[in-house]
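Ready to poke around inside a protein? Grab a pencil and work through these short exercises.

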Amino acid sequence: MYRGFKLDYCYYHRDYCDIGKQLYSELKQEVRQKVHDLTKEKVINGTLLEQEWFPTQDFTVFISHSHLNEMSALTLAGWLYHNFNIKAFIDSYVWGYSEELLKEIDDIYCLNDKNNYSYEKRNISTSHIHMMLNCALLKMIDKTECFMFLKTPESLTIDKIFDGESTYSPWIYSELLMSNLIRRKSLESHRGIHFQKSLITEKTIVKSLLISYKPELSHLTNINYTHLDKWKEVYNNEDYPLDILYELFPENENEKFNKLLED
């Protein structure tokens with residue numbers, strides 16, 4: 001990871017969303033069969049399962065968001081691809097499938113004699129799947145050059161416990177923490193000499209159990225959809241469109257870009 005942004009963004013555009021859906025429908029099929037085959041083994045290879053869970057293609061941007069804002073995330077992914085040929089990884093791409101994968105494993109390994117799920121066995125299977133998922137996401141955040149968090153009322157809320165913003169999603173909390181603690185790598189390290197421009201849900205929380213987490217957001221630069229429009233406006237088909245974004249948004253120096261908006 002090189003840079004992170006907190007995007008005040010909850011925007012839906014049908015055409016861009018359709019582009020995002022098309023990109024991910026192709027990727028889902030690639031991964032689904034590989035993972036399905038691995039769950040049939042007598043001893044499941046957890047390391048291989050973690051690797052196969054994610055598509056083999058390279059991504060430049062990691063989009064973190066609430067599952068309730070999935071259409072907005074798909075819109076952003078489609079917008080990035082249409083305007084800059086940038087491929088973004090959407091975390092909900094694996095959230096929804098993690099539920100399918102967990103049920104598939106539970107149906108094989110966690111049923112008791114009465115054909116009901118064993119509480120103890122399900123605890124074990126769930127902890128394994130969630131740990132594999134968390135580790136795989138950590139690797140993906142480390143691998144992608146840019147981290148974008150969609151800040152919406154669904155992803156963050158004002159909490160009196162922390163006297164500030166908090167999240168009820170352990171996955172959002174985990175991703176934000178990862179993006180803060182993970183190593184920072186240079187652009188050269190991400191892109192290398194072969195970099196090309198063309199590199200191409202969790203369940204709703206049960207109301208009776210709300211656990212609040214205070215996320216770390218200070219390392220993310222604030223932007224919104226108006227800033228994205230400005231980015232597109234000043235982009236002139238340079239080799240690395242994200243360089244324009246980084247230049248417009250120096251870390252912890254939003255004043256420079258705000259001045260550009262006023263010009």
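Here are three exercises on this predicted model, each with a worked solution.

**Exercise 1.** Work out how many helices and strands the protein chain has, and what percentage of its residues count as buried.

*Solution.* Start by counting the elements: you should get ten helices and seven strands. Next, take the chain's 263 residues; 46% of them count as buried. Now look at the outside: the accessible surface comes to about 14,100 Å², and carbon and sulfur atoms hold 51% of that.

**Exercise 2.** Find the largest nonpolar core and say which helix gives it the largest share.

*Solution.* First, the size: this core has 52 residues. Then pick out the residues with the most contacts inside it, which are Y24, V61, I63, L76, L80 and W231. Helix α3, residues 70-84, supplies the largest share of the core, with seven residues. Finally, spot another core lying apart from it, made of six residues, including L49, L102, I105 and I129.

**Exercise 3.** Decide whether S66 is buried or exposed, and find what it touches.

*Solution.* Locate S66 first: look in the loop between β2 (61-64) and α3. Its relative accessibility is 3%, and buried means under 20%, so S66 counts as buried. Now skip the neighbours within four places in sequence, and you'll find S66 in contact with E154, S155 and I172.

For a last look at burial, go to helix α9 (residues 241-248), where six of the eight residues are buried. Those six are P241, L242, I244, L245, Y246 and L248.

Methods:
Residues are numbered from 1 along each chain as its sequence is written. This is a predicted model: local features need pLDDT of at least 70, side-chain atom pairs count only at pLDDT 80 or more; totals for chains, interfaces and linings use all residues. Side-chain values use heavy atoms; hydrogens and water are left out. A nonpolar core is a set of buried Ala, Val, Leu, Ile, Met, Phe, Trp, Tyr and Cys residues joined through side-chain atoms within 4.5 Å. Buried means under 20% relative accessible area, exposed over 50%, partly exposed in between (1.4 Å probe, protein chains only). Helices (H or I, at least four residues) and strands (E, at least two) are DSSP runs, numbered from the N terminus. Accessible areas come from the Shrake-Rupley method with a 1.4 Å probe; for residues, only the protein chains shown count as cover. Contact means heavy atoms within 4.5 Å.
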